[in-house]
Amino acid sequence: MGLPRIRSLVAPLCFLLLASSWLVSDVDCAKKAAASAPAAAPEATIEEVSAKQLERLLEDKDYVAVYWYARSCTTCDTVLAELEHIDDDTDSFGVDFVKINDKRLAKQYGITKFPALTYFREKEPIIYEGDLMDEAGVLDFLTSLEAMDLPDRIEEVNAKILSKIIEDSDYHVAVLFYDKDSKTSQKVLAELENIDDECDQNDIAFVKIDDDNEAKEWGIEELPTMILFERGIPHIYEGDLLKEEELLGWLVHQKRHSEIPEITDEMKDKLMQMYDHVAIIFYDKDDKQDIRVLNELENIDDELEKEEIVIARLDNAEEAREYGLDHLPALVYFENEIPAIYEGDLMNEEEVLEWLKLQKYSATIEEVTDEILQDLIDDHEYVCVYFSGACEEGEKCDKILDDLENIDDELDEAGIIFVTTEDMVTAKKYNIKNLPSLVFFRNKDPLIYSGDLNDEDEVLAWLTDEETLEIPGKIEEVNIKMLEKILSENEHIVVFFYHDDDKKAQKIIAELENIDDECEEKDIDFVKTSDEDIDKEYDLETLPALVFYRNKFRTIYTGDMMKEEEILEWVLEQYNTKPEIIESVDRKTLQVLVNEVEHLAVLFYDDDCETCPKILEKLETIDDDTDKHHIQFVKANDEKLAHEIGIFSFPALVYYETGVPIMYDGNLKNEKRILQWLIDHKNNKLPKPKLRKRYTDGVEDLDREDRIDKKRSGGKKLKPIPRLDAVEQPKAPGAGAGTSGKDSGKSKTTKSAPAPAPPASKSGKSDTGKAAPSPSKGSNVAKKTTRDVDDDEGSLFLSRSSLSFSVFRSLQELLVEESVM
């Protein structure tokens with residue numbers, strides 16, 4: 001009786017299977033259409049390799065990171081999406097990052113769960129055991145000394161890895177700058193390999209670098225040269241490099257009894273970039289008196305280290321003259337690269353120590369020479385100079401200086417350099433005759449203060465006044481401190497971000513200065529800034545960039561920056577346009593708001609989210625209500641930032657109370673309930689749950705109509721498949737109890753991997769004989785950081801549409817039912 005019933009079911013079920021094949025066909029068509037569409041801007045992607053390609057790569061490259069994945073792995077695509085954020089970074093560090101789907105080869109390298117990461121250093125593998133979702137942690141591991149360390153070998157590094165090692169290391173790093181094509185360098189290297197293990201035993205890392213340009217960056221003219229870096233401070237070895245035992249003795253001695261290091265002019269500049277407080281002794285190594293002074297100052301080296309003041313010596317009379325120093329030895333203290341000259345007795349080391357501590361901890365206006373002053377005016381946007389003339393202690397000019405020192409800290413916070421000088425060369429150059437006198441240089445343009453020098457508050461108000469800072473007909477150059485102040489105090493600001501050495505940016509500035517006056521008429525401030533790393537600080541993808549700010553909320557200009565009339569029209573449009581009900585914020589602004597606003601609601605959304613516009617429209621109806629309850633409501637289109645706090649589905653609502661985030665887990669289409677939830681949290685009527693962990697199992701509760709996981713598939717957009725609520729959705733094998741994917745603490749992140757046998761010729765191929773496809777980037781199924789290597793069940797159907805899977809399950813269940821009957 002059962003067989004006819006089964007036959008009667010076969011026809012409709014076959015029709016459903018046929019329909020599912022049509023649906024898959026539609027998806028294939030969408031793929032082809034996407035492929036034929038104009039290519040989007042290339043994104044950083046980790047390259048797919050086969051077993052043979054990996055074998056060749058390991059032969060050719062010193063550092064290779066390999067991401068192992070499997071089609072049956074439910075979390076590989078999510079992890080891959082995170083790691084692709086650092087693909088460009090690994091390239092810049094000289095680390096090749098690839099992915100491979102080859103279970104057989106994975107087993108040979110000790111990989112038993114997916115996803116996994118192996119790091120090959122000169123073919124030697126180690127397995128990363130940290131959190132693969134923490135891309136910053138992965139990058140730090142791949143570029144760390146610990147990961148690169150190989151027994152009985154001096155590790156080769158490139159310039160970027162060396163820079164990271166020097167800046168990040170709290171320990172001692174010995175670096176051999178050499179030329180691999182030089183016979184002398186090869187001889188030295190052969191000798192020094194003998195002491196590599198002894199250096200390891202003494203906690204001295206040992207690396208080598210073959211890079212002429214990097215050597216010049218450190219002022220190294222002869223190769224090979226050995227430099228020991230202690231907390232980033234360079235010590236040059238001046239002995240015979242072929243005598244490895246003597247070198248080892250020097251390295252160990254420097255580690256235990258650090259001396260004032262000998263440096264080059266280039267090293268001095270690098271030290272000032274790395275440290276805020278640097279003291280340099282200019283001397284002549286052939287002068288016995290200079291050597292005696294150095295010996296005395298060695299007595300305060302340890303004290304200065306405790307005070308975090310770096311001290312070094314420089315044998316360069318020509319460089320000293322650039323600071324107006326005609327007599328050696330001489331001591332110059334640099335605070336944030338601003339120099340101050342010591343005029344006391346260098347043989348009195350206690351007096352020197354007290355002076356250096358005074359410079360660091362007290363608000364003092366540095367006295368400078370004409371040479372230093374001219375450099376400051378040339379190199380900095382805002383420099384205030386007190387020209388005292390010849391001034392003795394107790395005189396009126398000296399008392400004025402004492403009063404002005406009360407505002408030194410405020411000017412420093414505003415980004416204004418304040419110095420004093422008795423020298424008259426610069427004063428005469430700018431026709432300054434009346435002394436004492438206060439002159440404010442704004443981008444080299446001088447403005448003389450005509451008020452009361454005895455009233456320091458009046459002086460401070462004048463220096464920081466917008467009219468004082470403004471130069472007619474020019475767009476003001478501001479530093480990062482001044483920009484933050486301007487953004488916090490003004491409603492409408494246009495900012496041009498650029499690189500100082502960009503010739504195109506200079507042409508754009510010339511065009512923009514034609515509309516500066518029109519902006520000023522509307523009370524729109526127009527400034528430019530080229531501070532180092534300003535693009536990272538303000539979360540800008542590229543420079544130059546033109547940005548309009550309204551009460552800190554920004555809009556980026558996307559047109560042609562060489563057409564000033566179009567820019568003016570855009571600026572005035574932004575000025576006259578009513579602001580969005582829920583303001584959009586960038587990463588920088590959001591960080592400021594989180595830190596400064598006590599009650600903040602943030603809606604995280606995404607460009608590919610289909611429901612976000614409708615939800616935004618609904619939430620904008622409660623924006624006025626949140627304002628009444630003193631809750632600021634903003635939106636952020638920042639996927640990376642969302643991922644950092646554990647958000648993988650969009651849209652998502654997070655409430656911040658004094659910087660602490662709380663996730664809303666209800667229906668985002670019910671704006672009234674959301675408003676009540678926000679008010680209850682503000683009034684402490686609800687418990688404070690923790691924000692969802694970064695990476696957990698059992699996240700099906702996020703899959704609701706008002707929230708859509710971002711779909712990714714190799715950078716191509718697929719035609720969306722209509723939702724079929726009546727069809728059972730496939731469940732991921734292993735979904736269930738939640739586990740935290742981000743370790744609370746990492747004691748160890750790696751383990752050694754076994755060396756494999758040579759891979760078979762067909763390694764890297766799937767069972768069908770075709771190259772294994774890369775995993776898709778999005779998944780609504782439960783997320784897990786690892787997956788057993790042999791778990792293949794369901795892999796065929798998980799790669800197809802949910803309809804195909806459901807039809808198969810329905811057919812299977814019916815057949816089982818009929819067999820029971």
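Is aspartate 140 buried, partly exposed or exposed? Keep that question in mind while opening the model, which is predicted, and begin the tour at the salt bridges.

**Stop one: aspartate 140 and lysine 164**

Select aspartate 140 together with lysine 164, whose side chains meet in a salt bridge with an N to O distance of 3.0 Å. Because aspartate 140 belongs to helix α6 (residues 135–142) and lysine 164 to helix α8 (residues 159–168), the pair ties together parts that are 24 residues apart in sequence. Colouring by relative accessibility settles the opening question, since aspartate 140 has a value of 42% and therefore counts as partly exposed. Its partner, lysine 164, has 15% and counts as buried, the cut-off for that class being under 20% relative accessible area. Side chains of opposite charge can pair when their charged atoms come close. Across the structure, the count comes to 14 salt bridges.

**Stop two: glutamate 262 and arginine 313**

Next, select glutamate 262 and arginine 313, where another salt bridge can be displayed, with 3.2 Å from N to O. This pair links distant parts of the chain, for glutamate 262 is found in the loop between α12 (244–256) and α13 (265–274), while arginine 313 is found in strand β13 (residues 310–314), 51 residues apart. With a relative accessible area of 10%, glutamate 262 is buried, whereas arginine 313, at 21%, is partly exposed.

**Stop three: a network of charged residues**

Add Asp265, Lys268, Asp269 and Glu319 to the selection, and a network of salt bridges linking these residues comes into view. One of the pairs to display is aspartate 269 with lysine 268, whose side chains meet at 3.0 Å, N to O. Here the acidic residue, aspartate 269, is partly exposed at 33% relative accessible area, and lysine 268 counts as buried with a relative accessibility of 1%.

**Stop four: the disulfides**

Now show the cysteine side chains; a search of the whole structure finds 3 disulfides, and, with the bonded cysteines counted along the chain, these follow the pattern 1-2, 3-4, 5-6.

Select cysteine 73 and cysteine 76, which are joined by a disulfide with an S to S distance of 2.2 Å. The link is right-handed, with 105° about the S-S bond. Cysteine 73 is buried at a relative accessible area of 8%, and cysteine 76 is buried at 0%.

Move on to cysteine 391 and cysteine 397, whose disulfide has its sulfur atoms at 1.9 Å, S to S. The torsion about this S-S bond is about 110°, so the disulfide of cysteine 391 and cysteine 397 is right-handed. Both of these cysteines are buried.

Then select cysteine 609 and cysteine 612, which form a disulfide with sulfur atoms 2.2 Å apart; with 100° about the S-S bond, this link is right-handed. Cysteine 609 counts as buried at 7% relative accessibility, and cysteine 612 is buried with a relative accessible area of 2%.

While cysteines are on display, two further ones can be checked: cysteine 199 is buried with a relative accessible area of 0%, and cysteine 384 likewise counts as buried, at 0% relative accessibility.

**Stop five: threonine 369**

Which residues does threonine 369 touch, not counting those up to four places away in sequence? To find out, select threonine 369, which is placed in the loop between β16 (366–367) and α18 (370–379), and display its contacts beyond that sequence window: these are Tyr323, Gly324, Ile341 and Asp423. Threonine 369 has a relative accessibility of 12%, so this loop residue counts as buried.

**Stop six: a mixed sheet and the helix across it**

For the final stop, switch to a cartoon view and select the five strands of an open sheet, which come in the order β21-β23-β22-β24-β25 with mixed pairing. At the edges stand β21 (476–477) and β25 (553–556), each with a single partner strand, so one side of each is left without a neighbour in the sheet. Zoom in on β21, which is joined by 2 bridges to strand β23 (residues 525–529), the two running parallel; the bridge partner of glutamate 477 in β23 is lysine 528. Finally, select helix α24 (residues 480–489), which lies across β22 (492–497), β23 and β24 (545–550) and runs at about 155° to β22.

Terms used. Residues numbered from 1 in each chain as written. Predicted model: local features only at pLDDT ≥ 70, side-chain atom pairs only at ≥ 80, totals over all residues. Heavy atoms only, no water. Helix = DSSP H or I, 4+ residues; strand = E, 2+ residues; numbered from the N terminus. Buried < 20%, exposed > 50% of the residue type's maximum accessible area, 1.4 Å probe, protein only. Contact = heavy atoms within 4.5 Å. Disulfide = S-S within 2.5 Å. Salt bridge = Lys/Arg side-chain N within 4 Å of Asp/Glu carboxyl O. Pairing = 2+ DSSP bridges. Axes fitted to C-alpha atoms, helices over the stretch in contact; angles between N-to-C directions.
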